[in-house]
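Welcome! Have a look at the sequence and the 3D view below, and then we will walk through a few parts of the fold together.

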Amino acid sequence: MKFRFLLSLIILSVCCLEMPAKAPGHRKPAWQTTDKNYAINPVRDLVLIYQGGAHRPDWTKDQFLPYVTHSFADGRKEWLFDGFLFLEFRDNGKQLIPDLRMPNACKSDWEHYLDRVFENGKSLDALNTCITEQKALLGDPCFKHKVVLTILPPLPHQKDWGELNGKALDFDNVDDAKAACSWFLDQLVDRFEKGGYDNLELSGIYWVAEDMAHNEGFTRHVSDMVHKKGLQFAWIPYYKARGYDCWQDLGFDIAYHQPNFFFNKNIPVSRLDESCSLARQYGMGLELEFDTRALYESEDSYYNRLDAYMDAYWRNNVFTDAALAYYEGGIGFMEFAKNPSPENRRIIDRLATIIVERRRNNSLVPSNTK
């Protein structure tokens, strides 16, 4: 079950603890024009791709197809998402983030994750190939598909991560934790640059832990590293997660608030309106969430809850004014493509139409990046 959902059932309302002064060089996003408005971003629609763990899809070019283009019921075919976030929480019984009650991942596990992300014929390579093949059918999309890669957090109190430059690292030592993150970030950027992904642009780095219960304040160190690479630092906290209301002070350039409405039928629709209000108040984007239970034929279907997101986001001007991230359970768009009943076509076509129309809305792109 999704890590963020488990936590959000427990923690419904927490405030950001007092933070120390901002680190030198911290920058406010250039597109954040007011403290009471949604965030916009060069990536309009960022889909979460859970990849790396043995329990995930291989992410071949065919598996990427429903995310790269959408085939409508009337026969039209359009480019779909303009941004892809690659992330993972766990692999082979090891935790990559805190609090999963698993043994900690160590350096060899971090290297395995890197190998999976940059695996030939899968992941980024497959996405690049899929776009190339779709260009032959649809023509140039007139935009560059952007990629956001995940930096793994140093797990608190870990002393068995491994060695770097001949030194055994202790993550209770902030310099050791910074060294591990700097090494991993270098790996991400260097491997991407060597990948030859002519259809892809590395635009950002993602902090995968969804609250600040651990590593509080450490993200500012990572932010400096990310900015030195010329990249954006992104975060997607769960509903009212610790730190969500001071995300800029934590060093992030963009943050998307999770309503966590879809996963529990006892949560009222008012949660969506409240989440929109909070996103406006704190200058955030939003996440749209569903999983395979949104299929009409699913036992105990959550179909109507996906419609509720779209209704609420229209009602609150999210689709016209905000950057969006999309959680779809890891295989949601794949499963809708495999199950083209009239009901499934209706709802997924509704969502795809919104995404296509958003790409024509130039006000969703910061003026300094157009």
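## Two helices side by side

Is the crossing of α5 and α6 left-handed or right-handed? The crossing of these two helices, α5 and α6, is right-handed. Please keep in mind as you look that this is a predicted model.

Two packed helices are described by the angle between their axes and the distance between the axes. Here, helix α5 covers residues 174-194 and helix α6 covers residues 219-228. They pack at an angle of about 30 degrees, and their axes are 10 Å apart. Angles under 35 degrees count as roughly parallel, and α5 and α6 are therefore roughly parallel to each other.

Which residues do the meeting? From α5 come V174, K178, C181, S182 and L185, and from α6 come H221, V222, M225 and V226. Sorted by class, this contact has six nonpolar residues, two polar ones and one charged one.

## The barrel

Now turn to the strands. Strands of a sheet pair through backbone hydrogen bonds, either parallel or antiparallel. In this model, eight strands form a closed barrel with parallel pairing, in the order β1-β4-β7-β10-β11-β12-β13-β14. On average, neighbouring strands of this sheet are turned by 30 degrees against each other, direction ignored.

For one pair in detail, try β13 (residues 285-289) and β14 (residues 324-327). These two strands pair in the parallel sense over four bridges. Which residue of β14 is the bridge partner of E287? The partner is A325.

## How α6 sits in the fold

Helix α6 also meets the barrel strands: α6 lies across β7 (145-151), β10 (200-207) and β11 (232-235). Relative to β11, α6 runs at about 140 degrees.

How many of the ten residues of α6 are buried? Seven of them are, so α6 counts as mostly covered. The buried residues are T219, R220, V222, S223, M225, V226 and H227. What covers them includes β7, α5, β10 and β11. After the helix comes G230, whose phi is positive, near 75 degrees.

## A buried loop residue

Next, find A105 in the loop between β6 (94-95) and α3 (107-117). Is A105 buried or exposed? Buried means under 20% relative accessible area; A105 has a relative accessible area of 1%, so A105 is buried.

Leaving aside residues up to four places away in sequence, A105 touches K94, Q95, L96, W110, L155, Q158 and W161. You can also compare A105 with K122: the two are 17 residues apart in sequence and 23 Å apart in space, C-alpha to C-alpha.

## Two positive phi angles

Two more residues are worth finding in the view. S123 belongs to helix α4 (residues 123-138). The phi of S123 is near 55 degrees, a positive value in a residue other than glycine. With 0% relative accessibility, S123 counts as buried.

N165 lies in the loop between β8 (163-164) and β9 (167-168). N165 is not a glycine, yet its phi is positive, at about 55 degrees. Is N165 buried or exposed? The cut-off for exposed is over 50%, and N165 has 80% relative accessibility, so N165 counts as exposed.

Technical notes
Residues are numbered from 1 along each chain as its sequence is written. This is a predicted model: local features need pLDDT of at least 70, side-chain atom pairs count only at pLDDT 80 or more; totals for chains, interfaces and linings use all residues. Side-chain values use heavy atoms; hydrogens and water are left out. Axes are lines fitted to C-alpha atoms, for helices over the stretch in contact, and angles run from 0 to 180 degrees between N-to-C directions. Angles under 35 degrees count as roughly parallel, over 145 as roughly antiparallel, 65 to 115 as roughly perpendicular and the rest as oblique. A crossing is left-handed if the near helix is turned anticlockwise from the far one by less than a right angle, and right-handed if clockwise. Contact means heavy atoms within 4.5 Å. Ala, Val, Leu, Ile, Met, Phe, Trp, Tyr, Cys and Pro count as nonpolar, Asp, Glu, Lys and Arg as charged, and the others, Gly among them, as polar. Two strands pair if DSSP finds at least two bridges between them. Buried means under 20% relative accessible area, exposed over 50%, partly exposed in between (1.4 Å probe, protein chains only).
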